Structures are given as structure tokens and as C-alpha cells.
Amino acid sequence: MAISQEKTIVLTADHVDPEAAIAQAQRASRFDSIAIGLGGIAFVFLIGFIIKDISPFIIAAALFLLLFPFREYRASRTIMLAAGILLGFWLFVTLAGLLFPFIIGLLIAYLFNPVVGWIEERWKITRGWSSLVIVLLLMGVVVLLGLLLIPKLIEQLQALLAIISDYFQGTTLTLDEQGIREFFLKLGLPHTFVDQYVTGEIIPKLKEITMAFPAIIVAILAAIPGYASRVLDLLIIPVAAIYFLKDWNIMIESIQDLIPQRHRPAFISTFKGIDKVLYGYIRGQSTVAVIIGTLGAITFAIIGVPYAMLIGISIAVLDLIPFLGLIVSIIIIEAVIVLTMPITVGSILSGIIVVGALHTFENYFLGPRIVGKGVNIPPVLIIMSLFVFGYFMGFLGMLISVPLTGIIMLFVREYRQALVEHPTM
């Protein structure tokens, strides 16, 4: 009887279809992965429900302890990877203020690493000494520009704030109603229209809007001591930049060693594309912004617009924001003209014409030659990214919207290329 039973078992094992067994194992593995994923998510929600205001560190640690024994399943590895990324993002956001000097130092190292590499290769100077020289030269340029520009900048800012304050001392000085009325009459508008709509409706609305300016100025001035108290952080930035530059290649190799060997070529290729987008945009757009701001300051000084240095700096900063920066620049310049100059057709149009000419020069001459086509994004997508990133991250989001959108487009192009090469994926 035992012999017969053994033969039956062997016979049954011999007649098992290998493909069916593999399919059954895959279905079981898929079911186990789904169960592990749902169980991990339910576990996180349970911890959050039981313990209010729990630290993300505790949730991540508990999740890793739960899923690590099941790491052979793809779902477990995916959840642990996602949890690690989210934890790192939360940690970065939480400590952003504390790590600000190191972030700036890392950015300086990223931008000047090619220069240090060139010096090391061309002049046979070690990375340590070349990093020290580059950072010291950069600090010297910053200090020199500060000594030359900051006193003049503070003087112009104080004078402009004094004029704005005088404008809001009384209703008679709030807006030059007669000057605005004469301006619209010179444009050829009928007297009845100007008296009814401009003097009767538009100017009162403008007065209501301008009444908010003093509160804005007070808020800006109140925030200055908070930024001034962080002057000590400026001492950390060059030190961090030197060490980041010195050990840049070591850091890159250490990051690459963390990537599995089979994924390393794809990882390096992807991040080379990201490096091309980021480096090309940051270096190129910053150079263009400095040139446009300098030309704007010189031009407005020549045509007699007051506070040309302040205007040039505003144009340079706002030039980093596509489309929206152009509009805000025009608004600021027109406000300065209205506050400080006689209101005429020529004075009003001068600000619009100069800013329009500068941006035309940038878009058709400077941009293609300095920034290049590294960030190939449709204009409509740039506008959408400005609104989206600006909504979630404010002014900083507007500044980084274009390079981040370029990186997203890079991933999309690589995914489409992968679909073409591997249609079954």
C-alpha cells in the first residue's frame, strides 16, 4: 500500500505542468504583495490614529520593522523606498532653515566644480588648493560689490521709502488727480469719459489699493532684523563650499556605490541629463539676469529715471521668473515713474519700452546663446508650472519651476524612449 501511494505521488509530480506551476507561484506572490502593501498602509494609519502628532521617524521605523522580513517581495521594497523618500523630504523641509548655509555652499560647489576640475587638470593644482582659491576669489568679488553697491543701494532705498511715505501723508498727496486727468486727456479720450470714469471711479479705486502700501513697507522693514541676525551663517557658507568642492568626486562616487550594479548605467545616464538641465539653466539664466539688470540700470539712469540701481536689481531678480517677471518689472518701474516724475505719455511709455526692449534682446539674442536649448519646455507648460509651483512653494517655487519642469520632461522623454525600445513593459 505504501509502495502504491509513493508511485502515485511520483506520477502526479511528473505530470505537473511547469508553466502552470510558475503562473500559480506568480499569482500567489502577487496576492502576497498586495496583502503586504495594504497591511503596511493600514499599519501606518493605525499608528497615526492611536498616537496623535507622532513623529514621522517613529512611523518610518515601525514600517521598516514590519516590512523588512518581507523584503523579497517587490511591494515591500517599493513601500520602504517610498517611505524613505518621504522621510528624507520631510527632514529636508523641517531642517531647511538650519541647513541653509550648507545648501548654499553645496550650490556654489555644484556651480564651480567644473572650474575646479579644469584648474586641477590644466595647472596640476590639487582640488583642495584650487577649491580654496575659487571660494576666496568669489568672496572677494562679493565683498567688493557689497562695498561699492550696498551703501548706494541703501541710500536709494531710504529716499524711495521717504517719497512713498510722503505720498500717504494726506489725500492731497496720495495721487496727482489733475496729472492723471491730463494724461488721459492727452491720449484723446473724451472729457466726459475722463471726468466720469477716471476721476470718479478709477482714481478712488487706486487710492484704496495704494493705502495698502504702508503696511507692506512696515512688514518688509520689520523682517530685516530677522535676516540681519543670520549674518553669522554667512561665515559657514564659504567653509562648506570649500569642503564640498574638495570632496565633490568622492561624494559622487559614494552615491554611485549605493546604486545596484545592474541599475548603475541607467542611473548615471539619467542624472547626467538632470545635470545638463540644472547646470545649463542655473548658470545661463543667472548670467542673463545679471546682464539684463545691469543694462536696465544703465538705461534708466541715462533717460533720467530715479533709483536706477534699485530698478536694475529688481529687473535682474524678476528676470529669473519667466513671463510673470516681465509683468511685475513693468509694474514696479511704472510705480517709480508715477511717484517720482511728472506724469506724461513719454515718461509712462519709457518704462514699458525699455523693459520690452530688454526682454526682446534676451529672448532673441542672449538666451539662445547663453542658456541654450537645455531646458526645452513649451511656453504654455512654463506658465502652468509657474502657477503650480508658485501655489505650493510661493516665490521660491516660481524661481525653481522651470528647471524642475525640465527635469520632469526629461523623465517623460526617457519613459517614452523606454516604451519604444521595450513595447511589452
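This report walks through a predicted model of an all-helical fold, from the overall make-up to a few individual residues.

**The overall picture**

The protein has 17 helices and zero strands. Of its 425 residues, 28% are buried. If we look at contacts with a separation of 6 or more, 66% of them link residues that are 24 or more positions apart.

**The cores**

In soluble globular proteins, nonpolar side chains tend to be buried together. Here the largest nonpolar core has 17 residues, and the members that touch the most others are Ile292, Phe300, Ile311, Ile315 and Ile333. Four helices each give two or more residues to this core: α13 (264-302), α14 (308-318), α15 (324-340) and α16 (345-370). There is also a second, separate core, made of 13 residues, with Ile134, Ile237, Leu245 and Trp248 among them.

Ile315 is a handy residue to click on if you want to explore the largest core. What does Ile315 contact, leaving aside its neighbours within four places in sequence? Its partners are Ile292, Gly293, Gly296, Phe300, Ser329, Ile333 and Leu358.

**How α13 packs**

Two packed helices are described by the angle between their axes and the distance between the axes. For α13 and α14, the angle is about 155° and the axes are 7 Å apart. Because an angle over 145 degrees counts as roughly antiparallel, α13 is roughly antiparallel to α14. The crossing of these two helices is right-handed. On the α13 side, the contact is made by Ala289, Ile292, Gly293, Gly296, Ala297, Phe300 and Ala301. On the α14 side, it is made by Ala308, Met309, Ile311, Gly312, Ile315 and Ala316.

Now turn to α13 and α16. Their axes come within 10 Å and cross at roughly 150°, so these two helices are also roughly antiparallel to each other. This crossing, too, is right-handed. From α13, the residues in contact are Gly284, Gln285, Thr287, Val288, Ile291, Ile292, Leu295, Gly296, Thr299 and Phe300. From α16, they are Gly351, Val354, Val355, Leu358, Phe361, Glu362, Leu366 and Ile370. Ile292, Gly296 and Phe300 of α13 therefore appear in both contacts, with α14 and with α16.

**Two loop residues with positive phi**

Most residues other than glycine have a negative phi. Lys124 has a positive value, with phi near 60°, and Tyr307 likewise has a phi near 60°. Lys124 sits in the loop between α5 (100-123) and α6 (127-167), while Tyr307 belongs to the loop between α13 and α14. Are these two residues buried or exposed? Lys124 counts as exposed because its relative accessibility is 70%, whereas Tyr307 counts as buried because its value is 14%.

**Two buried residues with polar side chains**

Thr270 is found in helix α13, and it counts as buried because its relative accessibility is 11%. Its side chain reaches the backbone oxygen of Ala266 at 3.0 Å. Leaving aside neighbours within four places in sequence, Thr270 is in contact with Leu410, Phe411 and Glu414.

Ser401 lies in helix α17 (residues 379-421). This serine is buried, with a relative accessible area of 0%. Which backbone oxygen lies 2.9 Å from a polar atom of the Ser401 side chain? That oxygen belongs to Met398. Outside its neighbours within four places in sequence, Ser401 is in contact with Ser385, Leu386 and Phe389.

**A look at Phe64**

Phe64 lies in helix α3 (residues 56-67). With 32% relative accessibility, it counts as partly exposed. Phe64 and Met80 are 16 residues apart along the chain, and their C-alpha atoms are separated by 6.3 Å. Met80 is also one of the contacts of Phe64, along with Ala83 and Gly84, once neighbours within four places in sequence are left aside.

**Accessibility at a glance**

| Residue | Relative accessibility | Class |
|---|---|---|
| Ser401 | 0% | Ser401 is buried |
| Thr270 | 11% | Thr270 is buried |
| Tyr307 | 14% | Tyr307 is buried |
| Phe64 | 32% | Phe64 is partly exposed |
| Lys124 | 70% | Lys124 is exposed |

Key
Residues are numbered from 1 along each chain as its sequence is written. This is a predicted model: local features need pLDDT of at least 70, side-chain atom pairs count only at pLDDT 80 or more; totals for chains, interfaces and linings use all residues. Side-chain values use heavy atoms; hydrogens and water are left out. Buried means under 20% relative accessible area, exposed over 50%, partly exposed in between (1.4 Å probe, protein chains only). A polar contact is a pair of N or O atoms within 3.5 Å; within protein, one must be able to donate a hydrogen and the other to accept it, and residues adjacent in sequence count only if both atoms are side-chain atoms. Contact means heavy atoms within 4.5 Å. A nonpolar core is a set of buried Ala, Val, Leu, Ile, Met, Phe, Trp, Tyr and Cys residues joined through side-chain atoms within 4.5 Å. Axes are lines fitted to C-alpha atoms, for helices over the stretch in contact, and angles run from 0 to 180 degrees between N-to-C directions. Angles under 35 degrees count as roughly parallel, over 145 as roughly antiparallel, 65 to 115 as roughly perpendicular and the rest as oblique. A crossing is left-handed if the near helix is turned anticlockwise from the far one by less than a right angle, and right-handed if clockwise.
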